[in-house]
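Work through the exercises below with the model open. Each one gives a task, then a stepwise solution.

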Amino acid sequence: MFGRSYQVIGIPWPDLNDGLFYNDVVKPSDSGKSLIEFYSCKYKSSAPLEGWLQRIKNEQITIDGQVITDPETTLRIGSEVVYRRLPWKEPDTPYLLEILYEDDEMIALNKPSGLQVLPGGVFQQRTVLTQLQWWSNKQRSSVLEELHPVPVHRLGRGTSGILLCAKTRLARTQFAAYFADGTSCIRSNSNSTMEEGTRRKISKIYRALVTGIIGDDEVSVDQPIGRMQYPGVAQGLYVAIPSGKPAYSKINVLERDEQGKHTLVQVEIQSGRPHQIRIHLSSIGHPLLGDPLYVAGGQPNCFHSEVVDQSFAEDGGYQRPMKPVPGDCGYYLHAHQLVLHHPKTNEVVKIIAPLPPILRTRGEAEDTRNGVNE
């Protein structure tokens, strides 16, 4: 079954978001601590001590509903402590989403580069999830009472293309099983192939533009991916590392640009590790063209950690680190094709996201000029 739609959804972003509320209930281990000790120790990755003092003085913290401005206030077990992050203007972000496929169980979107999928960091409102919620609220009031679409996987903020979302509990459960099955059946030896992927319930094919000329027409990469400490990334940065989790990518060369020293490739992934394609291509010496973070070897551009700037922003939090971070855009990566078994009917569904001009072969570009669709 092949599904395609050209409906576009999206609402322009408000100038400011709604801010955030972070709730804590004081545990026995925190009882007797001062308010500033609690926040500066438990949430030191959010702001330095001076930043938390600023937030307290700015009346952004309450205990059991009462605004507290004394940082030495003693906490008692069971009290509810709430920090309110004031509304802020998030960076400029696309908001329009093209619906590539939709039925009662699922929806597939064409995500633009620059739009984050789920809330995180400075992007708390300007995400795919928010647009889905706004859209589904409209639909629910008029058509589908049980419409609750949520993304079932992630694409990097700079990555464009197909984003699969589930509308029902059945679809969420099935898709979770599909992705788990793909990760569990990865072979760890270098002779792995993607043939067993044909028996899987879901497969994804990407287009990417990489630096340099890849000599072989086909390359398999099984470099494990793990995390390392990195400034500005609280949970650690994913990199190529021997102690990481297994990951497998199959790379096919589509076109070589000898003059520009670029290679256009198709990548099929069996696992779904964070930033896998960016890491795997850089690990073989061909980082994505324009990638500000990963360089040859599957490591970050600035490997040696530096001390994060201890000055803090207007809201008391840390300034953005000077080094590149995973959400930075500039590279060319597009989730082009998705083939899956429908979660309810088990029928095969193929979805295609139109290619950006820079990721088309010369033949595809000519077909587009002549009005031939993909």
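**Salt bridges, step by step**

Asp15 has a relative accessible area of 49%, so this residue is partly exposed. The model is predicted.

**Exercise 1.** Find the salt-bridge partner of Lys89 and place both residues in the chain.

*Solution.*
- Step 1. The partner is Asp15, and the closest N and O atoms are 3.1 Å apart. A salt bridge requires a distance within 4 Å, so the pair qualifies.
- Step 2. Lys89 lies in the loop between strand 5 (80-85) and strand 6 (97-102). Asp15 lies in the loop between strand 1 (8-9) and strand 2 (20-25). The two are 74 residues apart.
- Step 3. Lys89 has 46% relative accessibility, so Lys89 is partly exposed.

**Exercise 2.** Classify Arg362 and Glu255 as buried or exposed, and describe the link between their side chains.

*Solution.*
- Step 1. The side chains form a salt bridge, at 3.8 Å from N to O.
- Step 2. Arg362 belongs to helix 6 (residues 362-369), while Glu255 sits in strand 14 (residues 249-257). They are 107 residues apart.
- Step 3. Exposed means over 50% and buried means under 20%. Arg362, at 55%, is therefore exposed. Glu255, at 18%, is therefore buried.

**Exercise 3.** Which residue pairs with Asp291 in a salt bridge, and at what distance?

*Solution.*
- Step 1. Arg278 does, with the closest N and O atoms 2.8 Å apart.
- Step 2. Arg278 is in helix 5. Asp291 is in the loop between helix 5 (276-283) and strand 16 (294-295), 13 residues apart from Arg278.
- Step 3. Asp291 and Arg278 are both buried.

**Exercise 4.** How many salt bridges are there?

*Solution.* The count is nine.

Methods
Residues numbered from 1 in each chain as written. Predicted model: local features only at pLDDT ≥ 70, side-chain atom pairs only at ≥ 80, totals over all residues. Heavy atoms only, no water. Helix = DSSP H or I, 4+ residues; strand = E, 2+ residues; numbered from the N terminus. Buried < 20%, exposed > 50% of the residue type's maximum accessible area, 1.4 Å probe, protein only.
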